[in-house]
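Here are a few exercises to work through with the coordinates open in your viewer. Try each task before reading the solution under it.

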Amino acid sequence: MLVLTLLGVCGCGYVVGYPSAPGVQNVHVPTFTTDSFRRGYELQLTEAVQKRIMDATPYRLVGADQAQTELIGHVRSVTKRSTNQSRFDDPRQLELNMQVELIWRRVGTGEVLGQQTVPIDPATARVITTADFTPEVGQSLATATQLAVDDLARKIVGMMEGTW
């Protein structure tokens, strides 16, 4: 009985619930911006991040006028390249790369929540993903885009759990 009591008191290092930032109940996610000539990716990514925040975190999505924090995203690049070609130079397998820069900060003070994973700018974190697709088996740029956007949304919201 003593052993069970000690195990219950000491714990195992797991956190019950979502490890959220202290004092943060809501977040505003404005539409991401982009430098890329490929349009629409920023809208699809913004929607995926907003859905993921609603599904997987305790934070509420609110408008800019009510927000305690804001998650600002900028799609730095979207590239597509062929990784395998037929002997007639038809693409057999392609790769879609997306690179996003993020800042999550408090609205009133501008305080950045967490640390960045890649030292670019003191307040910016960079997230990169890759999705492969093969047109010959029925995959398309749309399927690769959805895979990449879902992966980025998962990584971005995952970064909101603890320190960047």
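**Exercise 1. Place Asn-26 and describe its surroundings.**

Asn-26 sits in strand 1 (residues 26-28), where strands are DSSP E runs of at least two residues and helices H or I runs of at least four, numbered from the N terminus. Before going on, some ground rules: this is a predicted model, local features need pLDDT of at least 70, side-chain atom pairs count only at pLDDT 80 or more, and totals for chains, interfaces and linings use all residues. Residues are numbered from 1 along each chain as its sequence is written, and side-chain values use heavy atoms, with hydrogens and water left out.

- Step 1: check burial. Asn-26 has a relative accessible area of 7%, so it is buried (buried is under 20%, exposed over 50%, partly exposed in between, with a 1.4 Å probe and protein chains only).
- Step 2: list contacts, meaning heavy atoms within 4.5 Å. Leaving aside neighbours within four places in sequence, Asn-26 touches Arg-60, Val-62, Gln-66, Ala-67, Gln-68 and Thr-69.
- Step 3: look at the side chain. It reaches the backbone nitrogen of Gln-68 at 2.7 Å.

**Exercise 2. Which residues are linked with Glu-101 in a network of salt bridges?**

- Step 1: set the rule. A salt bridge is a side-chain nitrogen of Lys or Arg within 4 Å of a carboxyl oxygen of Asp or Glu. That rule gives eight salt bridges.
- Step 2: find the partner. Glu-101 bridges to Arg-76, with the closest N and O atoms 3.0 Å apart. This pair links distant parts of the chain, Glu-101 in strand 5 and Arg-76 in strand 4, 25 residues apart.
- Step 3: compare exposure. Glu-101 is buried at 11% relative accessibility, while Arg-76 is partly exposed at 34%.
- Step 4: extend the network. Asp-35, Arg-76 and Glu-101 are linked by salt bridges.

**Exercise 3. Describe helix 3 and what it packs against.**

- Step 1: get the length. Helix 3 covers residues 141-159, 19 residues, and spans 27 Å from first C-alpha to last, close to the expected 27 Å (1.5 Å times one less than the number of residues).
- Step 2: pick out the buried positions. Among them are Ala-144, Ala-148, Leu-152 and Ile-156.
- Step 3: find their neighbours. The buried residues of helix 3 pack against helix 2 (41-56), strand 4 (69-85), strand 5 (91-106) and strand 6 (125-133).
- Step 4: spot the charged pair. Asp-151 forms a salt bridge with Arg-154, closest N and O atoms 2.4 Å apart. The two are three residues apart in helix 3, so about one helical turn separates them. Asp-151 is buried at 18%, and Arg-154 is partly exposed at 42%.

**Exercise 4. How do strand 5 and strand 6 run, and how many bridges join them?**

- Step 1: count. Nine bridges join the antiparallel pair; DSSP has to find at least two for strands to pair.
- Step 2: take one position. Met-98 stands opposite Thr-129 in strand 6.
- Step 3: split the faces of strand 6. Its covered face has Ala-125, Val-127, Thr-129, Ala-131 and Phe-133, and its uncovered face has Arg-126, Ile-128, Thr-130 and Asp-132.

Note on methods:
Polar contact = N/O pair within 3.5 Å; in protein donor to acceptor, adjacent residues only side chain to side chain.
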